[in-house]
Amino acid sequence: MTTRHDQVIGVVWLAVVAVFLAAMIAGLIQVVGNTTASMVYRWAMALLFLGSSLGWLTAYHQSALRRFFKR
């Protein structure tokens with residue numbers, strides 16, 4: 001049974017995934033246009049932060065996400 005908490009966690013998780021994918025695409029476009037080491041480093045750090053946040057959210061709320069996507 002999906003609770004309100006499961007729904008909130010699922011929606012937040014989907015939003016984080018959308019932001020992560022958008023950041024990957026936007027960052028890649030910027031890096032292709034400006035291939036300096038500074039730009040590549042900033043893009044890599046942003047992806048590392050977003051990816052670790054997504055990983056933490058997935059691991060910490062694994063059971064809620066499982067119930068959310070089963071429905």
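Ile25 sits out in the open, with a relative accessible area of 55%, and so it counts as exposed, since the cut-off for that label is over 50%. This residue is found in helix 1. The model described here is a predicted one, and Ile25 makes a handy starting point for looking at it. Ile25 also has nonpolar company on the outside: together with Leu21, Met24 and Ile29, Ile25 forms a nonpolar patch on the surface. The accessible area of the four residues together comes to about 390 Å². As a general rule, nonpolar side chains in soluble globular proteins tend to be buried together.

For buried nonpolar residues, the place to look is the core. The largest nonpolar core has 6 residues in all, namely Ile9, Trp13, Leu54, Leu57, Ala64 and Leu65. Each of three helices chips in at least two residues of this core: helix 1 (4-33), helix 2 (37-60) and helix 3 (62-70). Ile9, a member of the core, shows some of the contacts involved. With its neighbours within four places in sequence left aside, Ile9 touches His61, Ala64 and Leu65.

His61 belongs to the loop between helix 2 and helix 3. Is this loop residue, His61, buried or exposed? His61 counts as buried because its relative accessibility is 14%, and the cut-off is under 20%. Apart from neighbours within four places in sequence, His61 is in contact with His5 and Ile9.

Next comes helix 3, where the buried residues are Ala64, Leu65 and Phe68. Their arc around the axis is only 95°, so they lie on the same side of helix 3. A bit of helix geometry helps here: an α-helix has 3.6 residues a turn, so residues three or four places apart point the same way. And what lies over the buried residues of helix 3? Their cover includes helix 1 and helix 2.

Phe69 is also in helix 3, but its relative accessibility is 46%, so Phe69 counts as partly exposed. Once neighbours within four places in sequence are set aside, Phe69 is in contact with Trp13 and Leu14. Of these two, Trp13 has already come up as part of the largest nonpolar core. Another phenylalanine, Phe49, is 20 residues away from Phe69 along the chain, and the C-alpha atoms of the two are separated by 25 Å.

Conventions: Residues numbered from 1 in each chain as written. Predicted model: local features only at pLDDT ≥ 70, side-chain atom pairs only at ≥ 80, totals over all residues. Heavy atoms only, no water. Core = buried A, V, L, I, M, F, W, Y, C linked by side-chain atoms within 4.5 Å. Buried < 20%, exposed > 50% of the residue type's maximum accessible area, 1.4 Å probe, protein only. Helix = DSSP H or I, 4+ residues; strand = E, 2+ residues; numbered from the N terminus. Contact = heavy atoms within 4.5 Å. Patch = residues over 30% accessible without salt bridge, like charges linked within 9 Å, V, L, I, M, F, W, Y side chains within 5 Å. Areas by Shrake-Rupley, 256 points an atom, 1.4 Å probe, with all protein chains shown as cover. Salt bridge = Lys/Arg side-chain N within 4 Å of Asp/Glu carboxyl O. Arc of directions from axis to C-beta.
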